[in-house]
Structures are given as structure tokens and as C-alpha cells.
There are 4 protein chains.
Amino acid sequence: MCGIVGIYNHQEAATLAYLSLYALQHRGQEGCGIVTFDGENNYWEKDKGLVPDVFADKSKLDFLKGNYALGHNRYSTHGDKSRKNIQPLVFNYKDSKLSIVHNGNLVNLEKIKKELEDKGTIFQTTSDTEYFIHLFAHARGDSFEEKALAAIKQVRGAFSIIMMYNEKMLVARDCHGIRPLCMGKIDEGYIFSSETCAMDLIGADYLREIEPGEMLILENGSLKSLQFDKPEPKHCIFEYVYFSRPDSIIFGQSVDKSRRKFGKILAMESPVADADIVFSVPDSSNTTAIGFSQRSEARYEIGLIRNHYIGRSFIHPSQNMRDMAVKLKFNTIDGVIKDKKIVIVDDSIVRGTTLKKLVKLVKKAGPREIHIRIGSPPVKYPCYYGMDFPSQEELIANQKTLAEIREHLKVDSIEYLSVQGLLDAVDKPDCQYCTACFTGDYIEKIQ
Amino acid sequence: MCGIVGIYNHQEAATLAYLSLYALQHRGQEGCGIVTFDGENNYWEKDKGLVPDVFADKSKLDFLKGNYALGHNRYSTHGDKSRKNIQPLVFNYKDSKLSIVHNGNLVNLEKIKKELEDKGTIFQTTSDTEYFIHLFAHARGDSFEEKALAAIKQVRGAFSIIMMYNEKMLVARDCHGIRPLCMGKIDEGYIFSSETCAMDLIGADYLREIEPGEMLILENGSLKSLQFDKPEPKHCIFEYVYFSRPDSIIFGQSVDKSRRKFGKILAMESPVADADIVFSVPDSSNTTAIGFSQRSEARYEIGLIRNHYIGRSFIHPSQNMRDMAVKLKFNTIDGVIKDKKIVIVDDSIVRGTTLKKLVKLVKKAGPREIHIRIGSPPVKYPCYYGMDFPSQEELIANQKTLAEIREHLKVDSIEYLSVQGLLDAVDKPDCQYCTACFTGDYIEKIQ
Amino acid sequence: MCGIVGIYNHQEAATLAYLSLYALQHRGQEGCGIVTFDGENNYWEKDKGLVPDVFADKSKLDFLKGNYALGHNRYSTHGDKSRKNIQPLVFNYKDSKLSIVHNGNLVNLEKIKKELEDKGTIFQTTSDTEYFIHLFAHARGDSFEEKALAAIKQVRGAFSIIMMYNEKMLVARDCHGIRPLCMGKIDEGYIFSSETCAMDLIGADYLREIEPGEMLILENGSLKSLQFDKPEPKHCIFEYVYFSRPDSIIFGQSVDKSRRKFGKILAMESPVADADIVFSVPDSSNTTAIGFSQRSEARYEIGLIRNHYIGRSFIHPSQNMRDMAVKLKFNTIDGVIKDKKIVIVDDSIVRGTTLKKLVKLVKKAGPREIHIRIGSPPVKYPCYYGMDFPSQEELIANQKTLAEIREHLKVDSIEYLSVQGLLDAVDKPDCQYCTACFTGDYIEKIQ
Amino acid sequence: MCGIVGIYNHQEAATLAYLSLYALQHRGQEGCGIVTFDGENNYWEKDKGLVPDVFADKSKLDFLKGNYALGHNRYSTHGDKSRKNIQPLVFNYKDSKLSIVHNGNLVNLEKIKKELEDKGTIFQTTSDTEYFIHLFAHARGDSFEEKALAAIKQVRGAFSIIMMYNEKMLVARDCHGIRPLCMGKIDEGYIFSSETCAMDLIGADYLREIEPGEMLILENGSLKSLQFDKPEPKHCIFEYVYFSRPDSIIFGQSVDKSRRKFGKILAMESPVADADIVFSVPDSSNTTAIGFSQRSEARYEIGLIRNHYIGRSFIHPSQNMRDMAVKLKFNTIDGVIKDKKIVIVDDSIVRGTTLKKLVKLVKKAGPREIHIRIGSPPVKYPCYYGMDFPSQEELIANQKTLAEIREHLKVDSIEYLSVQGLLDAVDKPDCQYCTACFTGDYIEKIQ
């Protein structure tokens, strides 16, 4: 997934990038980095870890001189976790300084790889992002724009990228607009970031999304837009379901509002008669649960407390303390649950492992009945555009029927939001979203 | 404030202490430590930092051998932050191993200190806790119990203490029961901890509170209780308001339930006519806000998102980015707030600084009116029993009238819960709580 | 062993203490610390590790405010390596700030311990040093001097101590003067340190040794001396043999000069006829080997190179790489050794393990004959005054005859310096040195 | 400068590489790294810092699986100290794993760089080493050998390189043999390292130097040699003067023996009549000083003690403590120096800054006269092959006459070894050494 940010023409570029990455931390906790340009040189810092940890030392920000910056939060995927893959990637190209950040996944790399290697290219990372740079370096054309355009036209898949070439900046998004990327203004400069929450934090004004198939060139303080490909919007609907922050606006609509609608439509599609209370699995499904309660007789309550102190380095205790992982994260409010007919709202189910343990935990608090309502349709198919789902065999909804899932979780009922309900909630004609993880209807055939 | 735990007679004593401290992390983030006894020696680890960080290295837990353990979370007060003061304190006494953890504040130390020093005592820390040990060592009597009893009878103030003397354990609580301390059973052993949430995490069964003025001696696997002082319960009511975890039971009642009642009574005492929505300042006032909404026409909503990634080491940006501290923690959900008459529920106001910034932040989202409701009475007086309030001059309610506070915060109205409302919510005769921070009625005259 | 330093009345007290500890690093590498006093408070930093590592962060020195400082280098003994035992020890005594550093070992502690514990004393460390403080606190008398004097009179053994009591400083040395302790002047202030090399580094002028049984009180910028015990000098002769730095003056004589004389007398006592070359085991026996060569036909050479990069954390490779430990430290210069009749000079032999491996290493370079000459007599007896020798069973000279040692090391000859030769070299009447480790003639009967 | 090592076909490849780097630590302290290949993947660890520090964690060596390894010690130059430049460089090339280590400096890069960039190459580091890889990837030919040969033929300058291509290893040295590179045998495998001291440590048998212009290919356990260029030996004579370890054999001759001859010839060329003692600036000039003393009336002594504890992180004290840097490293043995006519032998003078401070320090010990003798000719010209001399303006011998240098250092006399004396000492026809830094006679014209 990842989060990206670009700061163009601001004297506190590094600090703004740092704060933006902090706001986008939920998009990637594996590692992060910032590169700046001061008119002459690139300066960069990147490492594994959270933003406040990587930049815990004030001198690191001070080192990042210049009015131009790129930043990146790296998502922890199952693949290569090498430090090498932490972005921004930084290069010397002829006498120029070149750097790049990228959010997304490319899908037609095999053929490109062979061609590049036959021309003598060596790959230093295992990340998609490096392809842009080699395609750029091998592309025809004299100017930065010409070469960048030629490079970008060769790749397919999901890409929201920002490149910095000396003091020029280039921003581009794939023709489907799969991952979000928005633009804002701060003082005399511009900010580009995955979500608007970064702009809120630094006090920038949100202008608009980068359009699918649009490329922006920033040079000499001004901004030029061109459409490098015909837009065929296919936004990732899972960004609304789970990934983005509720206080962000993505694809032109508030995430919070979308989730509230998921909850409301879910309550109407699959009500739970005579339920006493409804509560969420905090924090990602809070808004969906509130939406559900607003179209239900059941009272909204807080039935689960989440512990936020848990760190990466937590030592997991010995095997005879079962289900510890879920207990470290959640505890029940027993007085709220006891003897009640309860509805638990969650945003989505992937493997179902955590939810199964959570149900077991909740049962100890003595509810009369447990009904699960999920604020999105069953996840049945893999994603080729950057969402790190497990293999189909591990997706519970790919392997089991609704009845079997209910059995497996040992609950009184379970219902998902329908695909139509999901699309109704997001306010735009159906065709504009990629729903492949729910429906198997992929944007294009993958090699 | 601090959190304490004792594990008596369990082969995973160190791991259980570790998990308990993790559950009690909210009671102290300055530092933490564990000491164990294995029949022969004491083993301990303690340092500044959060529990998962101090014990990030698995070898530290492995080092803590034995079936007996004490643990402590240290609260960050304005005083001495030296590493020396991190508990448990560990001593060699004659041929025995002695250690102690303590939650609370003693109030009659001046005289005791002089007496001890005149007898040749040297103090190594600046914490109250060391007094117990010196009083113990100077006390008459032959047995551990006799000497411990003699020592404890000399101190006044708030103390929930656990001592370990070789394989014996001693648990005691002051006659007012100011700080919580509860007892549970796990397998063949016992656990003592500040709150029940620690027991929930490790799967122990909650038995009861330690009574005010009660001392327990654990020896040879069994437990003996004696009443060393006449109980005059004066539980700290602020534990319900803010300090304890909502999923804990303290002083015999669920914290969550108490907070919900604070909200309900507050809604009845000080309703906001025609309010559209009510939301909390997350996370400590979530339950209070839900209670409020249940006795109000206003709909419960999530109007503020809290960012949980913020760490100690966060680099605060330059001065021209004002109000950054509050923005790093909170962001508004603008769609929820815009054009609405809103009620913001918070648990308490101390200085008012954060709330003022928060109101400013919320205003940017364009509400029609802002009404503040506080789930506790005005905090006007200092606490001598361990709550780290600032000086009276810094307590906004000590310096300003309600009208002035409203003016200061620039809101349409502000109301607090009444003292009577607070006491009504906690289900027991009025006299059983210390309400000195609200009323100035202290338990005893402080020297 | 340990190294100690006190800085009295200098505005860069912490920096001078830091530099002095750096110069005294050879006296202890286990840990180090500094405490300062600024007229009001004590400030201290101490930790495991070398001086440049413990004080790697400049802010630590900045934190140590004031014109008065004590410092300590801790020697790694086989005993308790707890962080607690790292000095200076720092205490609050009544309304005063008290701290202490100590080099030596006390020998009559059992009885004192019982008396103190019966009076209610609790020991927090397992180091001798804490006894001074408790004796001080329990001593009669009103003034700091009276109490300190009373305390010091109760202990026996080796002690070079410096105490800081608010802005007063007290320096004392046992009546035998077992460990070195010298005094110097820098600007308007004084420095006290184990060896003179610390004074050389900071540019202080060496004044004299503290006399055996002398106590100095520094107050209001001036210095008062009193003799608290009858001096019976018994300086540790092993300080000359191995422990002190060659560029220091201790017990009033240059270490380097003493070692050169050891070598010269050794060459005269036990010459090696027709030897081609003589070389040292670097670096501690370099001077002794030079001395030897100056009274021998054999040419001085460098036959062994020492690698100085080895750190504490060196990972020792698998078992099938034998003798690696000695090879990591030393390599031979084969061209110097091949076909030669060589004399290897070492300062002393304790277990003989390293020397045995070294001989094996040297043999690979193809010498014609190997003769070992040791710049001190056979170490046969344990030290009760702070030299960390192993048990008698592990001392090779206690277990084997000279012939057996020769056999064991597989060399052509081995000879030690005689006790008389040793004493002749150090220029003063025989009775002034403790030679117990060589002769078994202890200063006093040990309990 | 740097140190390199390759281990071919040994089951403890990583450990052997680690120990070899430790032995070669003197060739580079900026950073180090190891890469291994286990038949399928590359594994690598590299970081800033000394070998024992970078590999302080045992798990890092365990991670480096396989029977093939490359290692590198990076020298701290004035240029780019980025972590990126730490070797080995590791790449994916098509489906193969490729890595490289290099010691030396290339001199014809400008033209190559332009050609490569015009073909679309992006440089990720600023080190020479990356050129080999891009030339390799762009070279014609099908096999690894063909392509590697084509790449190597394009570069000029000093290079001792080892490449690993899956389980194949390639070793090559420039036609002048500027930097040392030797070959040894250990069990069934081979070791290649900059100096023989690495072989001594791990117990490998030294076989021979790699010849100038020779390339070795190791494949399927055996070794093939080819001469890719006509050998014109021009070994760096400064390796003997200063850089290599005295216990190594380089260019076929013992470093120690060379240095001893420098000292002897120097003593004959520029004797000091009636000198009392001669001592070295430890440790690099120890052997030269011994050689000097063997052709002189003056006695060899140790006049300076070197402190080995100094670390990188040493906090330098405030400005009013002058000359501290040299005092932290050295102290004088005053008894040796006082009232003597002394000769100080140093290996070389670059800027003269340290020597000036050292002379000042020595003067405080009260010598009668100070005579400096330098075991190499005046360094007057820059090195283009990897020796990090400062600019000509900073080379004291380039700016001042001998008389002026004597004046500047404030000594009684100073003499250098003659160029002819230097060449006489190293036993081979003159033409075989590069003496450019002394004479300005460069091997080839530099662009």
C-alpha cells in the first residue's frame, strides 16, 4: 500500500514531509524515508521503523536541506523486507539528482525486465519502483518530461508516483486512479499526498485529486498538467472499507461518510431483530458501527477496549497462554455485554483468525446472542494492485460458505454488506471502482 | 499514580508480571521494572521507558527466574525522574532478599525522616517507597511480619504496597483504601494488581479488593489476613473519572459503568437543547459521551480521530506552526461537525490548555454552536495522595469562574457534573470517597 | 583495582574528571561514572562500558554541572557485575548531598556488617564502598569531618577514597598506602587521582602522594591535612609489575623506570647465553624487555604485533578454530623469529594459559630456541587487597615447579625475577612493599 | 585504500571473511560488509563502523549462509561517506546473483560514465566500484568470463577486485599491481586477501600474489588463470612505508623487514652524532626506529606511550585545552627523555600538524636536543590511486624547504630517507614501484 508525499517549493520542506508521513503512518509501518534537494545536492534519511523513531534524532531533519522534498511510508508486505527497498530511491543521473516515491503495484514487469537487462541494466532493489528509473534512463527524448512521459507510458498497474529531478517535480497517477493521490497548496508551495489527512495536519489547503492518467510538471514555481492516458477510473474501493484514515477525503469523498453509509445500508439489508446493543471492533470499524446503530433499534456501545501501547517488539509468551495475541490488543467491557443480544460490526474479514479469537473472548463476558455484521462483501479474490491479501486458500470466504463461516466462528448469525450496497454507498456510477477482491472482476488480465 | 503487581507461586511469575505491567501501562509510562526470587536470589530488570521497550529483549525475561515476582509501572511526575527511583526497589537485608513496590504517596515523612537519619540512615532514592524499607529495618520484632507491621503502622497517606522477603510476600493497603489494589487467583498461585484488567489479560480469576487497613501475608503457599488499622474508606474518586482503565473493576465497581453514569447524570443536570450531535475527546471520555447521548436527543458521533502513533521522541516543529501538539494527536471529521450544534464531552479539565486548542481545531470544521460538558466537577485543589495536578495557580477552575472559562475557551456553553452527581453515580454512601480535588475536603490535615 | 579521581574547585570539573577517567581507563573497563555538585544538587551519570562509550553523548557532560566532581573506573572482577555497583555511589544525607569513590578492598567487613544490620541498616549494593557511608551515617560526631574520621577508623584493608559532602571534599588512604593516590594542582583547584597520567593529560601539576594514614579535608578553597593513623607503608608492588601505566609516577617512583630495572636485574640474574634477539609480549612488558636487552647480548626486536581493534563484543568463532583468542590479539613477525635463539619477556604469569598459546604461535614462526624470562617472581598466593587473581589451584606457580612449568609451556628455559631482585629495583627499604602474592607474607591476618 | 577478502568453497565462509576483515581492519575503519552465496541466494550485512561493532550481534554471522563470501573494509576518505558506498555492492543480474569488492581507484571514468549514461545507465553510488558492474552488464559476450573480461579491459587505474557471480568467483588485479592482493589455501577452499595477515589469523597457507594483469576464474572447485593485460609492475611503495601491517607479506616481501631497512639506511644516510636515545612514534614507526637504532650509537627506548582506548565518539573538550587531541593519544615517559639528546623516528610526514604538537609535548619532558628522522622521503605530490593525501597546498613538504620544516617544528634537526634509500630497501629493480607521491613521476597521465 504505502503512503507518499511531495513538497514543492517550501522552506520547511523536510519538516512538512516529516509531519505528512506521520499523518500517513497507517499506510505503512515497515519503514520510511525523506529525500530533499537544495538546489545542488540530494540529502536523504531512510530506515526501518515508524516515523517518530526513524526521525527521533532532530539532527536528521536538520540535515535534510532545501525547499523540495519527497517522503514515503513503506507497507509491510510478505515479500522482501530488505532495507534496500525502503523509499525514496535516490540516483545520480548524468549531472542531475533524481529521486522517486511510488505507491502501487505494476503488473507488466516481466517483459520490461528482460528488455532492460538485455540492454545492460542491473537491478539493485526488488521493488517495482526501480523500473520507472531504468525506463526513464533508457527512454528517448532530451528533456526530463519527454523521458519521464515515455517511461510512464510503458508500465501498467497501479501507480501514484512523484519524481524529483533537481528542482523539478513530476507527479503522475495511472489511468485507473487505483490508489488515491491528492494535491494541496501551502504558502507559495504545493503538497502532494496519498490522503488529505496530511494536509490537515500541516495546515495546507486541499485543492483536488490528481486525475487518472494525469501528469503534473512543476518547474520554476509553476505547474503544468497534461493527460498522458485516457482516464478509465477504477478506484480501489477497499481504501474506503479499511485502508484510508476516516478523516481523509479520497477519490473526492469523505472516508468517514462512506463508512457510515456502509453501516446504515448494512443495517437495512441485514437487520438483527431485538438486538440490545451494537459495538465495533475498534478503531477501524467505529464509524461503520455508528452508522449501523443509526438504522437499528440497538444502542451503540463500547464493548471492546483497544490497548494502544503494543509495540513491534512485544515478546509473545509461551504456548500455554492461548489467544494471547488478541487479548493483548482487546479487552471486553463485561457489564456492557453480559446477558445482551449483541451485534458486533467489523469492517471486513480476511482470514477470520482474529475474529474467531475475538468472538471467543466476547463469549466469556456472557452475551445472550452474538451476531456479526461486516461492513463490506466477502473478500474472495487476490489483489494485484498492492493490497497484501493472503493466497486464495487462506481467504475464509473463498473456502467456506456463509453457513460454514457462521459455524466456524460459532456465532448466532453473520451477514456481509452486498456488493451493490457497497457501491450505493460511494455515490458514483458503479463502473468507477475496482471491486475485484469481492467479485473477481479484474481491471485487466494479469500476466 | 503508578501501577503495581505481585505474582505469588507461579512458575511463569516473570511473564505474568510482564503481561500485567503491560495491561497497567496507562498507570505509568515513565519507567518500569520486575524483580523475581527463585528460592535463593533476586533477579531484576528496570529502566526508563514503556513495558514493551524495556523488555524488548527476550533474554531479559529469561533472566528473571523464580516463582515469585513484583512489578511496577512508574508514573511521570514533575519531580525527580532519576533512574534510581524506578521500582521495584531491591535490597539485601542480613542474609535475606528484600524488595518492594508501592503505589501512592505518604504524607508524614518529615518527622520520620529526621528520626531515621538521626539513627544513621542514608537515603538512596527520593521516593517515598524507600521509607518502608528503613522503617522495616529499624523496627523491633524478630519475624518479617512483626517488623513489617511495625513499619507500616508508622506511615500515613496513600499506600498500596507489596513486599517480597525471600519467598514470602506481604500485601498491604492504607486504612482509607485511597488507591485500588485487588487480588486474584491463577492456577495454584495468587496475583495482586492495581486494577483487574491485568487479571483479565493473564486469565486470572478476580477474587476481591484488598480491604482498607488490611495486610496479607503469603507463606508456604497459603495466605493469612490481618487488619492492622481500622478501615475508613476514602477511595480516590478521580480513579473513576480518568485514571483507571474502563474495563477494570476498582473499589468493587466497573469503571466503565461509572463513567456511563457520569455521562447520563451530566446530560440530565445540564442538557443542551436541540443539540444535533455529541462526541467525545477520545479515548478517555468515550464512555462518558455515550452515557450523555443516551439521556440526550443528540446523536452520538465520532467527531475527533486520535492518532496513536505519537511517541515520546516526537520532534516538535518550529514555532510558526502553532497548535501543532494538539493536531498531532487529534483530527476532526469535518463532515460530522459542519453546521451542527455540537456537544463535546471531556472527562475533566485541569489547565484547560489542550481543550482550548481542541476547540480552536473543531471550529475550523464549521460547527454552528459548541457546547462543552465535563464528566466531573471543576478541579480546584491539589492532591496529596499521588495525582500529579499542577499548582493551584495553574488549575483553571481555581482561577476562573464558569463564565470566565466559557469566555476563555470561546464556546457557547460549558457545564461540569456536580459533586453530588458524581457521588450519586458511584453507588455507595458519600463518605466513602475522597473528593478533595473538587471540594478541598481533605482526608486529614497535611503537615 | 579501579581508578578514582576527584576534582576540587574548577569550573570544568566534569570535563577534567572525564579526561582523567579516560587516562585511567586501564585500571577498569567494566563501567565508569562521574558525579558533580554545583552548590545545590548532585548530578551523575554512570553505566557499564568504556569511558568514551559511556560519555559518547556530549549532553551527558553538559548535564554534570558544578565545580566539584568525583569519577570512577570500575574493574571487572569475578564477583557481582550488577550496574548497581558502578561508582560513584550517591546519597542524600539529611539535607546534604553525599557521594563517594573508592579503590581497594576492605577486609574486616563481617563483624561491621552484623553490627550495622542490627542497627537497622539496609545494604543496596554488594560493594565494599557502601560500608563507608553507613559507618559515616551511624558515627558519632556533629561535623562531617568528625563523622568521616570515626567511620574510616573502623575499617581495615586497602582504601583510597574520596568523598564529596556538598562542596566539601575528603580524601583518605589506608595506613599501608596499598593502592596509589596522588594529588595535583590545576589553576585554582586540586585534582586527586590514582595515577599521575591523569594529571599529565589535563595539564595539572603533580604535587605529591597522599600519605598512608593521611586524611585531607578541602573546604572553602583550602586544604587541611591530618594523620588519622600511624603510617606503615606496604605498597602493592604488583602495581609496578603490571597494573599501573608506564608513564605514571606511583608511590613516588616512575613505573617505567621500575620496569626497566626489573628487566635489567632479570637479565643479570638469569641471562640467556648467545641469544640472538629479545622481544616482549606487547604492550605491558615492552619496557621490561628493553631493560633486559640493555643488559644482554641479545638485540631488542618486535617479534609480536598486537591488534588493538578487538572489542568486548567480539564473536568467537566455532570450536574447530583453536587458539583463536590469542591469535586475535597477537601475530608473529616471522622474519624476525625464524631460526633465531629468542628470549620472550613477559611481565608476569598467572594461570599460564595465554602464554602457552603464545608459545605455540611463536613456534610456528620457526625459532631455534625459545627462552622465557618473567619480569616478576612466581605468583603463588591470592590477593586480599583488590587484585583479582584466580584461586590458588589456578595459579600455575602454586601448582607446578619451575621444571614443570617449563615442560608445560614446552620451552627451552624459563626463569623468573627473584623477590630480592624485584625489591632492589624499587629503590626503597624492603619493608615498604606488600609482596604477599609472591611470598605469602600478608600484611595482616585475614578473617 | 580499503581491504578486501574473498573466500571460495569453505563451509565457514562467513566466519573466515569476518576474521579476515578483522585482521585487515587497519586498511579501513569507516565501514565494512560481507556478502555470501549459498547456491541460491545472496545474504549480506554491511554498515558503518569497525568489524567487531558491525558484527557484534552473532545472529548477523549466522544469517550469512553459504560456502562463498566476499568482504570489504572501507577506508574513510574526505569524499562521500554515505552508507550507500559501503561494499560489497550486491546486484541481481537477470536470474543471477552478482556482488563485488574493490580496492583501488580508477582514473579514466569520465568518458566511460558519459557512454554508460547515454545508454541509459543510472548510478546509485558515488564509488568507482559500481562502474565494473555496469560495464559488465553492458559488455558483449555470453558467459560471465567473457563479459567480465570485456569490462575489466575498459578501466585504468588501481584495482584489486573480487567478483562473485552465483557460485563462481573472479579475482583480478590491474597491470601495474598497484594495490596488494594475495592468494592462499584453506582446507579445500581458497582465500584472497589484501594482505597475508588475514591468512595468518585464519590458519590459511599463503600461496602467492595475484600477478599484475592476471585474472583468476574459480568454478566447480578449481581455478583457472589468464593474463588479460601485459604486466608493468608499479607497486605502491607507500604500502611499505605506512599502510600495510608489519606482519604481512606484500608484493612478495615482508613489510616488517622493509621498514627495518628503511630505519637502517636512514641511520646511515643521516646519523645523529652522540644521540643518547632513539624512540618511535608508536605504533606504525616502531620497526623503523628499531632499524635506526641498530645502525646508531643511540639506545632504542620507549619514549611515548600510546593510549588505545580512544574511540570515534570521543568528546573533544573545550578550546582552552589546547593540543588535547595529541595528548589523548600519546603521553611521554619523562624519565627516559629528560636531559637526553633524542632522536624521534616517524614513518612519514603529511601535513605535519600532529608531529608539531608531538614535539611540543616531548619538549615538556625536558630533552637536551630533539632530532627528527623520517623513514620515507618528503611527501610532495597527490596520489591518484587511492591514498587519501590532502591537496598539495596542505602537504608540508610541498610548501616548505627542509630548513623551513625544521623551523616550523622547532627541532634541532630533521632529515628524511632519500628516494634511492627507500628503493634500495625494497630489494627489487627501481622501476617496479610507484613513487609518485615522493617524486611526481606518475605511472600515466591522469585526465
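Reader: How far apart are the nearest C-alpha atoms of chain B and chain D?

Author: Two residues are in contact if their C-beta atoms, placed from the backbone, lie within 7 Å. Chain B and chain D do not touch, and their nearest C-alpha atoms are 13 Å apart. Likewise, no contact joins chain A and chain C, whose closest C-alpha atoms lie 12 Å apart. This is a predicted model, in which local features need pLDDT of at least 70 and side-chain atom pairs count only at pLDDT 80 or more, while totals for chains, interfaces and linings use all residues. Residues are numbered from 1 along each chain as its sequence is written, and chains are lettered from A and ligands numbered from 1 in the order in which they are written.

Reader: How many residues of chain D are in contact with chain C?

Author: On chain D, 45 residues are in contact with 45 residues of chain C. By residue class, the side of chain D that touches chain C has 21 nonpolar, 13 polar and 11 charged residues (nonpolar: Ala, Val, Leu, Ile, Met, Phe, Trp, Tyr, Cys and Pro; charged: Asp, Glu, Lys and Arg; polar: the others, Gly among them).

Reader: By what turn can chain D be laid on chain C?

Author: Copies are superposed by least squares on the C-alpha atoms of residues with pLDDT of at least 70 in both. A turn of 180° with a shift of 0.0 Å along the axis lays chain D on chain C with an RMSD of 0.1 Å. The two copies are therefore related as by a two-fold rotation axis. In chain D, the C-alpha of H308(D) is nearest the axis, 3.3 Å from it. The same surface serves both copies, since 100% of the contact residues of chain D recur in chain C.
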